[in-house]
Amino acid sequence: FFVSASQIEGFGLTAIEAMAAGCVPVLGDIPTFRTFAQEKRGIIVDFEHPFRAAEELKKILALPASEVGMMQKKGRAYSKSFSIEKIVEGQIQWYEKLVRGGSPA
């Protein structure tokens, strides 16, 4: 597991890196992290209430291995969309469209 109780994140690179490494992200309830955790790729915890968060963390640690494995698989797949290869591929397509006279937007 990777746990982040951040209240502010511009992008959340550490969470993506953790997903790429096979960790299930347990993240604070902020917009960036809600996106990362969608589709059972991670778990959102309300760290604003520490005692409730501690109870949630206990439940997370007791999750069946099959559920944890499924979240690890989904997280790794999602993290690949942020790989340098994907970013470069998108930039090449943008420039090719620009060269052909189209609008890159």
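A salt bridge is taken here as a side-chain nitrogen of Lys or Arg lying within 4 Å of a carboxyl oxygen of Asp or Glu. The model to which this criterion is applied is a predicted one, and the criterion yields three salt bridges.

The pair Lys58 and Glu55 is one of these, with an N to O distance of 3.3 Å between the side chains. Both residues belong to helix 3, which spans residues 50-61, and they are three residues apart, or about one turn of the helix. Lys58 is exposed, at a relative accessible area of 53%, whereas Glu55 is partly exposed, at 41%.

Another salt bridge joins Arg34 to Asp29, and its closest N and O atoms are 2.8 Å apart. Arg34 is partly exposed, with a relative accessibility of 38%; Asp29 is likewise partly exposed, with a value of 43%.

The side chains of Glu39 and Arg41 also form a salt bridge, at 3.8 Å from N to O. Here Glu39 is exposed, with a relative accessible area of 58%, while Arg41 is buried, at 7%. The label given to Arg41 follows because buried means under 20% relative accessible area.

These pairs belong to a chain with 13 positive and 12 negative side chains, and the centres of the two sets are 6 Å apart.

The fold as a whole may now be considered. The chain contains five helices and three strands, arranged along the sequence as β-α-β-α-β-α-α-α. Its radius of gyration is 17 Å, well over the 13 Å that the globule rule gives for 105 residues, so the chain is more spread out than a compact globule. Along the principal axes, the C-alpha atoms fill a box of roughly 55 × 30 × 20 Å.

Burial and contacts complete the overall description. Of the 105 residues, 27% count as buried. The chain exposes about 7,000 Å², of which carbon and sulfur atoms supply 60%. Among contacts with a separation of 6 or more, 42% come from residues 24 or more positions apart.

Ser79 offers a local view of burial. This residue lies in helix 4, which covers residues 65-79, and its relative accessible area of 7% makes Ser79 buried. When residues up to four places away in sequence are not counted, Ser79 touches Ile16, Met19 and Ala20.

Technical notes. Residues numbered from 1 in each chain as written. Predicted model: local features only at pLDDT ≥ 70, side-chain atom pairs only at ≥ 80, totals over all residues. Heavy atoms only, no water. Helix = DSSP H or I, 4+ residues; strand = E, 2+ residues; numbered from the N terminus. Buried < 20%, exposed > 50% of the residue type's maximum accessible area, 1.4 Å probe, protein only. Contact = heavy atoms within 4.5 Å. Rg over C-alpha atoms; globule rule 2.2 N^0.38 Å. Areas by Shrake-Rupley, 256 points an atom, 1.4 Å probe, with all protein chains shown as cover. Lys, Arg positive; Asp, Glu negative; His and termini not counted. Charge placed at Lys NZ, Arg CZ, Asp CG, Glu CD.
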